[in-house]
Amino acid sequence: LFETAIALIGERGYEAATLRDVAARAGVSVGLLYRYFPSKRAIVFALYDELSGAYARDAAELPTGRWRDRFIAALESSLRVLGPHRVTLRALVPVLVGDVEEGVFAASSAYSRRRVQAVFRSAVADATDAPGPALADALGRLLYLLHLAVLLWWLLDKSPRQRATHALVALLGQMLPSAALTLRLPPVRRFVQSADRLFQEALL
């Protein structure tokens, strides 16, 4: 039922796909479908849960090294895990970004969101060049936000085989060494922590 629902959302878009259509395609009664998924929102949250779990498993063993390299590995892992679901996720972009009840930052999706955030915090906190705990937390959250921006770019990318996304990831890899150096400067550290506070206030 879940796979049928996800496929139908990918084909028709979130608004156009109905639970009645899902039940008809799956060959079950609407009542049976409601026992498992009482609303389309439940399907979206089930997708968040499935993908965040798959990502946490895939990214469980980030390479040992500097936080900038571990971030790129975490980002590439996310693109790899989400790749097979790109069509459905594209159809869900208005929900993922714009719906306060069902989007990425909805209260009901907090568990899945924290599971993904934990990967980016670990990418920084467990790196060989990890900053102090407070700064590692702040930087991890901002890298998580940067990762979401890259994913949105990827979903909207019209280049062949998302070539522009791969180029963007490579460009980030080239820029991050400079970012790591500037992070040693007190004004930059204060900026990271201030930006993190704004991120938490606005979205978390």
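# Why these words fit this model

Me: Why is Gln162 called buried?
Reply: Gln162 has a relative accessibility of 19%. Buried means under 20%, so Gln162 counts as buried. The model is predicted, and this value is computed from it.

Me: Where does Gln162 lie?
Reply: Gln162 is in the loop between α9 and α10.

Me: What makes Arg161 exposed?
Reply: Its relative accessible area is 78%. Exposed means over 50%, so Arg161 belongs in that class. Arg161 is also in the loop between α9 and α10.

Me: What stands out in the phi of Arg161?
Reply: The sign. Phi of Arg161 is near 55°, which is positive, and the residue is not a glycine. Gln162 also has a positive phi, of about 55°, and is not a glycine. Most residues other than glycine have a negative phi.

Me: How many helices and strands does the protein have?
Reply: Eleven helices and zero strands. Read along the sequence, the pattern is α-α-α-α-α-α-α-α-α-α-α. The C-alpha atoms fill a box of roughly 60 × 35 × 30 Å along the principal axes. Of the 204 residues, 44% are buried.

Me: What share of the contacts joins residues 24 or more positions apart?
Reply: The share is 69%, counted among contacts with a separation of 6 or more.

Me: Why is α1 called oblique to α2?
Reply: Helix α1 (residues 2-12) and helix α2 (residues 19-26) pack at about 120°, and their axes are 9 Å apart. That angle makes α1 oblique to α2. The roughly perpendicular class covers 65 to 115 degrees and roughly antiparallel needs over 145, so 120° falls in neither. The crossing of α1 and α2 is right-handed.

Me: Which residues of α1 and α2 meet?
Reply: From α1 come Thr4, Ala5, Leu8, Glu11 and Arg12, and from α2 come Asp21, Val22, Arg25 and Ala26. By class, the contact of α1 with α2 has four nonpolar, one polar and four charged residues.

Me: How do you know how α1 and α4 are placed to each other?
Reply: Start with the angle. α1 and α4 pack at about 105°, with their axes 11 Å apart. Angles of 65 to 115 degrees count as roughly perpendicular, so α1 and α4 get that label. Phe2, Ala5, Ile6 and Ile9 of α1 touch Ile43, Ala46, Leu47 and Glu50 of α4. The contact of α1 with α4 has seven nonpolar, no polar and one charged residues.

Me: Why is the pair of Glu102 and Arg41 called a salt bridge?
Reply: Their closest N and O atoms are 3.4 Å apart. The cut-off is within 4 Å, so the pair qualifies. Glu102 is in the loop between α7 (93-98) and α8 (110-125), while Arg41 is in helix α4 (residues 40-58), and the two are 61 residues apart. Side chains of opposite charge can pair when their charged atoms come close.

Me: Is Glu102 buried or exposed?
Reply: Glu102 has a relative accessible area of 8%. That is under 20%, so Glu102 is buried. Its partner Arg41 has 34%. That value is neither under 20% nor over 50%, so Arg41 is partly exposed.

Me: How do you know that Arg121 forms a salt bridge with Asp137?
Reply: The closest N and O atoms are 2.3 Å apart. That is within 4 Å, so the rule is met. Arg121 is in helix α8 and Asp137 in helix α9 (residues 133-156), 16 residues apart. Arg121 is partly exposed at 36%, and Asp137 is partly exposed at 24%.

Me: What do the side chains of Asp196 and Arg141 meet in?
Reply: A salt bridge, at 2.7 Å from N to O. Asp196 is in helix α11 (residues 186-203) and Arg141 in helix α9, so the pair ties together parts 55 residues apart in sequence. Asp196 is buried, at 3%. Arg141 is partly exposed, at 22%. By this rule, the count of salt bridges is eight.

Me: What makes Ser78 buried?
Reply: Ser78 has 4% relative accessibility. The limit is 20%, so Ser78 counts as buried. Ser78 is in helix α5 (residues 67-82). Leaving aside neighbours within four places in sequence, Ser78 is in contact with Tyr55, His147 and Leu151.

Definitions and conventions
Residues numbered from 1 in each chain as written. Predicted model: local features only at pLDDT ≥ 70, side-chain atom pairs only at ≥ 80, totals over all residues. Heavy atoms only, no water. Axes fitted to C-alpha atoms, helices over the stretch in contact; angles between N-to-C directions. Helix = DSSP H or I, 4+ residues; strand = E, 2+ residues; numbered from the N terminus. Parallel < 35°, antiparallel > 145°, perpendicular 65-115°, else oblique. Left-handed = near helix turned anticlockwise from the far one by under 90°. Contact = heavy atoms within 4.5 Å. Nonpolar A, V, L, I, M, F, W, Y, C, P; charged D, E, K, R; others polar. Buried < 20%, exposed > 50% of the residue type's maximum accessible area, 1.4 Å probe, protein only.
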